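Q: Please take a close look at one sheet in this model, and explain how its strands are arranged and where it sits within the chain as a whole.

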Amino acid sequence: MKKTNVLNLGKAKRLLSIAAATIACMLVLAGCENENPPGGPATQTGAEPSLISGTIKSATAGTIDILSSNGEALSFGTEGADTSKCNGLEPGSMVEIFYTGQIAGTDTSGAKVVSMQQPLPIEPTTPSDAPSSPDPGPQAQISGVIEDATMNTIAILSDDGRKLSFGTDGADTSGCSGLAIGTRVDIFYTGDIVDTDASGAVVVRMEQPEVDAGAPASPTDPSPTDAADTDASGTDEEFVPTTK
């Protein structure tokens, strides 16, 4: 009877030991699950990355140096970072850096760059893309000889004998060849000219007819006196006296 009790007591102790070991394993496993929840370690739980912007000072395959928007010179390691939204990382261009971890002053060793992106460059406006200037409306034309011309004004003697002065600010002068005094000019304008008052006219463009470079600018005919002098002095006829 005493032997049977000893055996039962030993068996009970073994069962208690197994149960205690099982509980201990379960506690250890539960602790591990709390330390590493689904999704990976605590450093990879999807915390929102921080953002810092600045101007690129230099960039290599694994590093980038920037001058931040608050004037601090910072250097980051970029290995493994997503640069699909960057367009060259040229020095002098802007960049936005998304990182996890911390930046302490100018010490970036505690920051890990996740991605970088750059704003799209501004495309230069081509003449075809530029907005067209509004139609100035119907244009009139007046022609004459230039009496005076400055950067923003021109005075002419028109073909009908009027002395007119125009403001030329903004006028197209690509068809002119110097606007020299004494040369002809065609003036295209909108608005009205009242007698010799051209203040109501807006000059749209001016053109000058092409001048033959081989022809004299102001040809003049010899005066009758000059012609007579030429005939008198230029004759080569020999005087032959007559005899009676």
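A: What follows goes from the chain as a whole to the sheet and then to one pair of its strands. The model is a predicted one, and its chain holds two helices and 12 strands. Read from the N terminus, the elements run α-β-β-β-β-β-β-β-β-β-β-β-β-α, so that the strands follow one helix and precede the other.

The sheet in question is open and has six strands, which lie in the order 3-2-1-5-6-4 with mixed pairing. Strand 3 (73–77) and strand 4 (82–85) stand at the edges of this sheet, and because each has a single partner strand, one side of each is left without a neighbour in the sheet. From one strand to the next, the twist averages 40°.

Within that order, strand 1 is followed by strand 5, and this pair can be described in further detail. Strand 1 covers residues 50–59 and strand 5 covers residues 94–101, and the two pair in the antiparallel sense over six bridges. At the level of single residues, T55 has M94 of strand 5 as its bridge partner. In general, the strands of a sheet pair through backbone hydrogen bonds, either parallel or antiparallel.

As for the setting of the sheet, 20% of the 244 residues of the chain count as buried, and the chain exposes about 17900 Å², of which carbon and sulfur atoms supply 56%. Among the contacts in the chain with a separation of 6 or more, 53% are accounted for by residues 24 or more positions apart.

Key
Residues numbered from 1 in each chain as written. Predicted model: local features only at pLDDT ≥ 70, side-chain atom pairs only at ≥ 80, totals over all residues. Heavy atoms only, no water. Helix = DSSP H or I, 4+ residues; strand = E, 2+ residues; numbered from the N terminus. Buried < 20%, exposed > 50% of the residue type's maximum accessible area, 1.4 Å probe, protein only. Contact = heavy atoms within 4.5 Å. Areas by Shrake-Rupley, 256 points an atom, 1.4 Å probe, with all protein chains shown as cover. Pairing = 2+ DSSP bridges. Axes fitted to C-alpha atoms, helices over the stretch in contact; angles between N-to-C directions.
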